[in-house]
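Work through the exercises below with the sequence and the coordinates side by side, and try each task before reading its solution.

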Amino acid sequence: MKKQSLEDLLFKKKPLQILLSLLSGPKYITQIARKVNSPYPHVYKILKSFERTGIINLEKSGRIRVVSLTKKGENILEKLKEFLKIIE
């Protein structure tokens with residue numbers, strides 16, 4: 001699988017929506033998939049890319065995976081929110 005850069009991930013619509021869905025705290029992958037209206041496998045693939053870049057943690061709890069932001073992810077999300085306010 002081709003490794004995506006952080007820039008490629010953050011400036012595409014679905015990855016940005018997925019990241020923004022974590023603003024309110026940790027979520028299950030199924031919750032994120034429903035919120036961004038995207039299939040679970042697609043969301044999972046994007047989340048694995050985010051995990052490789054160090055901006056989220058994927059923790060398995062039984063059969064369920066919980067997604068949370070790392071400190072790096074929180075910092076990026078804060079900057080993204082500022083950026084989105086500027087371009088609105």
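The exercises go from the whole chain to a pair of helices and then to single residues.

The model is predicted, so that local features need pLDDT of at least 70 and side-chain atom pairs count only at pLDDT 80 or more, while totals for chains, interfaces and linings use all residues. Residues are numbered from 1 along each chain as its sequence is written, and side-chain values use heavy atoms, with hydrogens and water left out.

**Exercise 1.** Describe the secondary structure of the chain and how much of the chain is buried.

Solution. Begin with the elements, which are DSSP runs numbered from the N terminus (helices are H or I with at least four residues, strands are E with at least two). The chain has five helices and three strands, and along the sequence they follow the pattern α-α-β-α-α-β-β-α. Next comes burial, where buried means under 20% relative accessible area, exposed over 50%, and partly exposed in between, with a 1.4 Å probe and protein chains only; of the 88 residues, 38% are buried.

**Exercise 2.** Characterise the packing of helix H2 against helix H5.

Solution. Two packed helices are described by the angle and the distance between their axes. The axes are lines fitted to C-alpha atoms over the stretch in contact, and the angle runs from 0 to 180 degrees between N-to-C directions. For H2 (residues 13-20) and H5 (residues 71-87), the axes come within 11 Å and cross at roughly 115°. As for the residues, with contact meaning heavy atoms within 4.5 Å, Leu-16, Leu-19 and Leu-20 of H2 meet Ile-76, Leu-77, Leu-80 and Leu-84 of H5.

**Exercise 3.** Is Thr-70 buried or exposed, and which residues does Thr-70 contact beyond its neighbours within four places in sequence?

Solution. Locate Thr-70 in the loop between strand E3 (64-69) and H5. Thr-70 counts as buried because its relative accessibility is 16%. Apart from neighbours within four places in sequence, Thr-70 is in contact with Gly-54, Ile-55, Ile-56 and Asn-57.

**Exercise 4.** Set out the surroundings of Ser-49 and Tyr-44 in helix H4.

Solution. Ser-49 is found in H4 (residues 40-53) and is buried, because its relative accessible area is 7%. The side chain of Ser-49 makes a polar contact with the side chain of Arg-52 at 3.2 Å, a polar contact being a pair of N or O atoms within 3.5 Å, of which, within protein, one must be able to donate a hydrogen and the other to accept it, and residues adjacent in sequence count only if both atoms are side-chain atoms. Tyr-44, at 24% relative accessibility, counts as partly exposed. Leaving aside neighbours within four places in sequence, Tyr-44 is in contact with Ile-29, Leu-58 and Arg-65.
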